[in-house]
Amino acid sequence: GTLLASKGEVTEVEPGFKYPIRNHDSLFLGDVEITFMESDPAADGVASGEPDEQAVARHALELGMQLPNDDHLLWIAEASLTASLPENWKTFLDGMEREFYFNSDTGHKTFTRPQNIFYGALYKEMKRKQAWEEENSETVDEYQLSRMRLMSKDGVEIMHYILPGDNIIGKDAASCDVVVDSLLVSKQHCNICDVDGRVFVNDLESTNETLLVAGDEAQALVPGSWYSLMDGDVVVLADLEIVIETPVTGSPRPQVPATQRRPVQTLPKAFNRNHTASEEGADQGFNGISEGLPSASLAHHAQSSSGAPAGVRAKAPPTPDPARLAAQQKIINEADILEDEEEDSWSQANVPIDDGES
C-alpha cells in the first residue's frame with residue numbers, strides 16, 4: 001500500500017481517492033520514501049522583469065524553434081518565460097533534489113514546466129497556421145478562428161486552431177493535422193472541418209467512436225455524416241475530451257442539444273476564402289491569443305497580429321471556380337436551414353425533434 005505522512009499524521013491512501021499534497025509531506029511506497037519540498041518560485045524561471053534577448057533566444061530553442069527563421073515568433077518564448085504556473089500547479093523537489101511539477105487537482109506530475117508544454121504547443125500551431133497560409137495563398141486572422149482545447153498527456157491544457165477545411169485528429173503523425181497521444185484514439189479518429197466559419201465534425205470510422213456532448217445530452221456520431229458544432233460543445237474521442245470554442249460575433253446563438261443535431265451528409269473538403277477580419281471585426285472575435293492561457297503579458301503580440309505574422313507575405317487568393325463555389329454555397333445553405341430548424345424546434349417546444357417514430 002501507500003502511506004501519506006502530513007503534519008505529523010500518517011494516512012493510508014485508499015485507491016480511487018485524491019489527497020492534497022502539501023510542502024514537506026511524504027509518501028511511503030513500500031520501502032521508498034518521497035518527500036515533497038516546494039521550491040523557490042524564482043527557480044521556476046519566472047522573470048521579475050523583461051527577460052533579455054539571449055534568455056529569450058535560448059528558451060526559444062528549448063521550445064523547438066528554428067532561429068532565425070522563427071524570429072517573428074519569439075514573443076511565444078518571451079511569454080513562456082514570464083508566465084506564471086497555471087492554476088493548481090505547484091513546483092516541488094523530490095528526494096533526489098530534482099524539480100518537478102504537480103497538479104493537486106488532477107494528480108498529474110511532470111518534470112517539464114507546464115508553461116513550456118503550453119507554449120511549445122502554441123508554437124507548433126502558429127507554424128501549422130503559417131504553413132496553411134503559404135499553401136493556400138491566403139491569410140487567416142487568428143482572432144476569428146475557432147479553436148479546440150484539450151489536455152496533453154502531461155495534464156496541461158493546450159490549444160489547437162480549427163483551420164479552414166479539414167482538421168483531421170488522431171494518433172498517426174503522418175496523416176493527421178492534430179496528433180494526440182492516446183492508445184484508445186484511432187490513427188484517424190475524426191475530422192473537424194471549418195466551412196466559411198461554420199464548424200462540423202465527422203467520425204472517420206473510429207474504433208471507439210466519437211461522441212458529441214452538448215448541454216446534458218450526448219449522441220454517438222454516425223461515421224460518414226457531418227454534425228454541426230457550436231461554442232461550448234464537447235467532442236469525445238474515446239478517453240479524450242475536446243472543447244470547441246468559436247469567436248463571438250453578435251448575439252450568442254441558442255444552444256441546441258446534442259440529440260437534435262441532425263447530420264449533413266456532404267460537405268466540401270475545403271473552402272478557400274479570405275478570412276482576414278477588419279479591425280472592427282477583430283473586436284468581435286477572441287480577446288487576443290492570450291485568452292485562456294497561463295498568466296502572461298502578450299501586449300506586444302496583441303498590437304502586432306491584426307494581419308499576417310511578421311515574415312509571412314500575404315498573397316492574393318486565386319480566382320475561384322464559379323461552379324465549385326456554387327456547389328459549396330448550396331451545401332452551406334442546406335446546413336443553415338437544418339440548424340435554423342433545430343433552433344426553432346428547441347426554442348418553441350423544448351422537446352426532441354419528432355422524427356416520425358414517436
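# Notebook: pocket, rings, cysteines and backbone

I began with the largest pocket, which is lined by 31 residues, and I noted that M151, S152, K153, I158 and V179 are the ones that lie nearest its centre. I keep in mind throughout that this is a predicted model. The volume I looked up for the largest pocket is about 870 Å³.

Next I asked which elements supply the lining, and I found that α3 (114-136), β9 (146-151), β10 (157-162), β12 (178-179) and β19 each give at least two residues to the lining of the largest pocket. The largest share comes from α3, with 8 residues of the lining. Sorting the lining by class, I recorded 11 nonpolar, 8 polar and 12 charged residues.

**Aromatic rings**

I then turned to the aromatic rings, where the count comes to 4 aromatic pairs. For the pair F92 and F102 I noted ring centres 6.4 Å apart and planes at 75°, so I entered the pair as edge-to-face. This pair links distant parts of the chain, since F92 is in strand β6 and F102 is in strand β7, 10 residues apart. I also looked up the accessibility of the two residues, and both F92 and F102 are buried.

Looking beyond the single pair, I found that F92, F100, F102 and F111 form one aromatic cluster. One member of this cluster, F100, also has a charge over its ring, because the charged end of K109 sits there at 4.6 Å from the ring centre.

**Cysteines**

How many disulfides are there in the model? The count comes to 0 disulfides, and I followed this up at C176. The closest cysteine sulfur to that of C176 belongs to C190 and is 9.1 Å away, which is too far for a bond, given that a disulfide needs the two sulfur atoms within 2.5 Å. I noted as well that C176 is buried, at a relative accessible area of 10%, and that C193 is buried too, with a relative accessibility of 0%.

**Backbone: the cis bond and two positive phi values**

I went through the backbone and stopped at the peptide bond from L67 to P68, which is cis, with omega near 5°. P68 is found in the loop between α1 (53-62) and α2 (74-82).

The phi of E97 is near 65°, which I marked as a positive value in a residue other than glycine. E97 lies in the loop between β6 (89-93) and β7 (99-103). Is E97 buried or exposed? Its relative accessibility is 55%, and E97 therefore counts as exposed, the cut-off being over 50%.

A238 is not a glycine either, and yet its phi is positive, at about 55°. I placed A238 in the loop between β18 (234-237) and β19 (240-245); β19 is one of the elements that supply at least two residues to the lining of the largest pocket. With a relative accessible area of 28%, A238 is partly exposed. I also checked a separation along the chain against one in space: A238 and L184 are 54 residues apart along the chain, while their C-alpha atoms are separated by 5.9 Å.

**Two further separations**

I made the same kind of check at L81, which is found in helix α2. L81 and A60 are 21 residues apart in sequence, and the distance in space is 9.6 Å, C-alpha to C-alpha. At 13% relative accessibility L81 counts as buried, because the limit for that label is under 20%.

My last check concerns E87, which is found in the loop between α2 and β6. With a relative accessible area of 70%, E87 is exposed. The C-alpha atoms of E87 and S104 are separated by 9.5 Å, and the two residues are 17 residues apart along the chain.

Technical notes. Residues are numbered from 1 along each chain as its sequence is written. This is a predicted model: local features need pLDDT of at least 70, side-chain atom pairs count only at pLDDT 80 or more; totals for chains, interfaces and linings use all residues. Side-chain values use heavy atoms; hydrogens and water are left out. Helices (H or I, at least four residues) and strands (E, at least two) are DSSP runs, numbered from the N terminus. Buried means under 20% relative accessible area, exposed over 50%, partly exposed in between (1.4 Å probe, protein chains only). On a 1 Å grid over the protein atoms alone, a cavity is a set of points where a 1.4 Å probe fits but cannot get out, and a pocket is an open set with protein on both sides within 12 Å along at least five of seven lines; lining residues have an atom within 4 Å of a point. Grid points are joined across faces, edges and corners, and a volume is the space filled by probe spheres set on the points. Ala, Val, Leu, Ile, Met, Phe, Trp, Tyr, Cys and Pro count as nonpolar, Asp, Glu, Lys and Arg as charged, and the others, Gly among them, as polar. Rings of Phe, Tyr and Trp (its six-membered ring) pair if their centres lie within 6.5 Å; planes under 30 degrees apart count as stacked, over 60 as edge-to-face and the rest as tilted. A charge sits over a ring if NZ of Lys or CZ of Arg is within 6 Å of the ring centre and within 35 degrees of the ring normal.
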